[in-house]
Amino acid sequence: MRGLEHRIKELCDNFEFYLRRFDELNPFTGPSVYFHLKTLGRLNSLGLSKALEDRLFFEYLYATLASWGMHRMGPKGAKLVEFADFIETLQRQKSKILNLRRVKLTQVREEELNRIMNRLWEILSNLRISSSETQLIAGSKALHHLLPHLLPPIDRQHTLRFVYGYNPTYGSEEQWFKRAYSCLWRIGFRKRDVIPQWVGKGFHTSETKVIDNAIIGYVKTRMKRSR
């Protein structure tokens with residue numbers, strides 16, 4: 001399999017093609033879209049500070065994460081923490097989250113990247129969204145709905161496969177996050193003039209979701225076989 005540099009170049013050279021592929025494949029429907037839109041709508045109407053004190057916002061977000069595969073019935077599979085703990089873990093990071101509310105991924109300068117990544121990781125590493133040992137996937141999906149212009153949702157099936165060429169099982173979550181975020185930043189920086197044109201169309205709900213959707217379109221088109 002060709003390396004990450006090739007994948008980034010191919011994605012950026014054909015960015016809108018892979019966004020159209022995402023739309024054609026229509027991988028997300030029903031509650032996964034409905035509650036995502038409800039969550040972002042509540043965020044936009046209240047503002048970030050008030051949303052972090054709003055029970056309905058947290059209910060929408062909790063439902064979004066469940067519909068995004070973060071909670072499955074039965075003894076096995078992903079599990080969210082209890083709702084009261086979910087609210088508490090996010091509210092404990094409120095000041096750090098608010099400090100990043102005006103930062104946009106596509107406008108971060110290269111010399112600022114490490115500082116932003118470290119601040120994001122400080123938040124993510126202190127969140128307890130999932131009852132499993134790993135927190136990156138659930139944490140990034142939750143934080144995406146608070147900082148939608150700064151942090152895309154990260155998953156194994158698409159994001160980490162794009163970055164690594166397969167689903168990584170070695171290394172720390174911090175290493176996975178920083179390598180993935182550096183990659184996402186490079187794509188966002190290169191396509192910063194195109195990305196805003198897609199925001200607001202269907203499931204392209206923010207600049208970082210546009211990047212995420214392009215990656216999903218790429219992986220589902222070009223990386224069908226898993227290792």
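From the N terminus on, the elements of the protein chain follow the order α-α-α-α-α-α-α-α-α-α-α-α, giving twelve helices and zero strands (DSSP runs numbered from the N terminus, with helices as H or I of at least four residues and strands as E of at least two). The model is predicted, so that local features need pLDDT of at least 70 and side-chain atom pairs count only at pLDDT 80 or more, while totals for chains, interfaces and linings use all residues. Residues are numbered from 1 along each chain as its sequence is written, and side-chain values use heavy atoms, with hydrogens and water left out.

The radius of gyration of the protein chain, taken over C-alpha atoms, is 17 Å. This value is close to the 17 Å given for 227 residues by the globule rule (2.2 Å times the number of residues to the power 0.38), so the chain is as compact as a globular protein of that length. Along the principal axes, the C-alpha atoms fill a box of roughly 45 × 40 × 35 Å.

Two packed helices are described by the angle between their axes and the distance between the axes. Helix H8 (residues 113-124) packs against helix H11 (residues 173-190) at an angle of about 135°, with the axes 10 Å apart; axes are lines fitted to C-alpha atoms, for helices over the stretch in contact, and angles run from 0 to 180 degrees between N-to-C directions. H8 and H11 are therefore oblique to each other (angles under 35 degrees count as roughly parallel, over 145 as roughly antiparallel, 65 to 115 as roughly perpendicular and the rest as oblique). The contact (heavy atoms within 4.5 Å) involves Leu113, Ile116, Met117, Asn118, Leu120, Trp121 and Leu124 of H8, together with Glu173, Glu174, Phe177, Lys178, Tyr181, Ser182 and Trp185 of H11.

Helix H1 (residues 4-13) also packs with H11, at an angle of about 30° and with the axes 10 Å apart. H1 is therefore roughly parallel to H11. On the H1 side, Leu4, Glu5, Ile8, Lys9, Leu11 and Cys12 meet Arg179, Cys183, Arg186, Ile187 and Arg190 of H11.

Arginine 21 is placed in helix H2 (residues 15-25). Apart from neighbours within four places in sequence, arginine 21 is in contact with Gly217 and Thr221. The side chain of arginine 21 forms a polar contact with the side chain of threonine 221 at 3.0 Å; a polar contact is a pair of N or O atoms within 3.5 Å, where, within protein, one must be able to donate a hydrogen and the other to accept it, and residues adjacent in sequence count only if both atoms are side-chain atoms.
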